[in-house]
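Visitor: I would like a close look at one part of this protein, followed outward into whatever surrounds it. Please take the residues in turn and keep the reasoning explicit.

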Amino acid sequence: MTNVRKVFNKGNVPGEVGIELEFEGRRLPDTGFEDYWSKQADGSLRGESAEYVLRKPIPRDEVTKAVMLLDKAFRDHSTVIHDTFRAGTHIHINVQELTMPQVLNMLT
């Protein structure tokens, strides 16, 4: 069967997972995580806020390392995270090598 990448005529993108983490809080860091993350503004958030986005998809076995690096930056800056309904987490899974039936099975 034809995989998703071929169905949509797309090139091969390495990596298995993309992650976006949204925060509202205080003292959100600008540095200390650049190997994996970029800090971006997000218009749906309020006050001091940011979205930290993986710079590129990564293998699953690097997720813990990437998250721990961001956690260290937060601890180093004494970041305070507010509990809010506006912030969220988005996980993107690379399905380009799956067939369409496999993707549909995954969704259901």
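Visitor: Does V17 count as buried or exposed, and at what relative accessibility?

Guide: V17 counts as buried, because its relative accessibility is 10% and the cut-off for a buried residue is under 20%; please keep in mind throughout that this is a predicted model. The residue sits in strand β1, which runs over residues 17–26. Leaving aside residues up to four places away in sequence, V17 touches L54, K56, P57, I58, R60, V63, I91 and H92. As for distance along this stretch of chain, V17 and D30 are 13 residues apart, and their C-alpha atoms are separated by 23 Å.

The same strand also holds E22, a residue that repays careful reading. E22 is buried and yet has no salt bridge, and the nearest side chain of opposite charge, that of R86, is 9.2 Å away. What the side chain of E22 does reach is the backbone nitrogen of G88, at 2.9 Å. The residues that E22 touches, again not counting those up to four places away in sequence, include D42, L45, A50 and E51, together with R86, A87, G88 and H90.

Beyond β1, in the loop that leads to β2, lies R27, which has a positive phi of about 60° although it is not a glycine. Most residues other than glycine have a negative phi. R27 is partly exposed, since its relative accessible area is 40%. The backbone oxygen of R27 is reached by the side chain of T79 at 2.7 Å, and T79 itself lies in the loop between α2 and β4. With a relative accessible area of 17%, T79 is buried. Besides R27, the residues touched by T79, with those up to four places away in sequence left out, include R26, L28, P29 and F74.

The loop that holds T79 also contains S78, which follows α2 and has a positive phi near 50°, although S78 is not a glycine. S78 is partly exposed, because its relative accessible area is 45%.

Helix α2 itself is the next element to consider, since V63, one of the residues that V17 touches, is among the buried residues of this helix. The helix has 14 residues and reaches 20 Å from its first C-alpha to its last, close to the 20 Å expected at 1.5 Å a residue. The buried residues of α2 are V63, A66, L70, A73 and F74. Viewed down the helix axis, these buried residues fall within an arc of 105°, so they line one face of α2. In general, an α-helix has 3.6 residues a turn, so residues three or four places apart point the same way. The cover over the buried residues of α2 includes β1, β2, β3 and β4, while the face turned away from the buried side carries the exposed residues T64, K65, R75 and D76.

D76 also takes part in one of the six salt bridges that the structure holds: its side chain meets that of K72, with N and O 2.7 Å apart. Because K72 and D76 are four residues apart in helix α2, they are separated by about one helical turn. K72 counts as partly exposed, given its relative accessibility of 42%.

A further salt bridge involves R60, another residue that V17 touches. R60 pairs with E16, the closest N and O atoms being 3.1 Å apart. E16 lies in the loop between α1 and β1, and R60 in the loop between β3 and α2, so the pair ties together parts that are 44 residues apart in sequence. E16 counts as partly exposed at 32% relative accessibility, whereas R60, at 59%, counts as exposed.

One more pair links distant parts of the chain. E97 forms a salt bridge with R5, and their closest N and O atoms are 2.9 Å apart. E97 belongs to the loop between β5 and α3, and R5 to helix α1, with their positions 92 residues apart in the chain. E97 is partly exposed, as its relative accessible area is 44%.

Key:
Residues are numbered from 1 along each chain as its sequence is written. This is a predicted model: local features need pLDDT of at least 70, side-chain atom pairs count only at pLDDT 80 or more; totals for chains, interfaces and linings use all residues. Side-chain values use heavy atoms; hydrogens and water are left out. Helices (H or I, at least four residues) and strands (E, at least two) are DSSP runs, numbered from the N terminus. Buried means under 20% relative accessible area, exposed over 50%, partly exposed in between (1.4 Å probe, protein chains only). Lys and Arg count as positive and Asp and Glu as negative; His and the chain ends are not counted. A salt bridge is a side-chain nitrogen of Lys or Arg within 4 Å of a carboxyl oxygen of Asp or Glu. A polar contact is a pair of N or O atoms within 3.5 Å; within protein, one must be able to donate a hydrogen and the other to accept it, and residues adjacent in sequence count only if both atoms are side-chain atoms. Contact means heavy atoms within 4.5 Å. The expected span of a helix is 1.5 Å times one less than its number of residues. The arc is that of the directions from the helix axis to the C-beta atoms.
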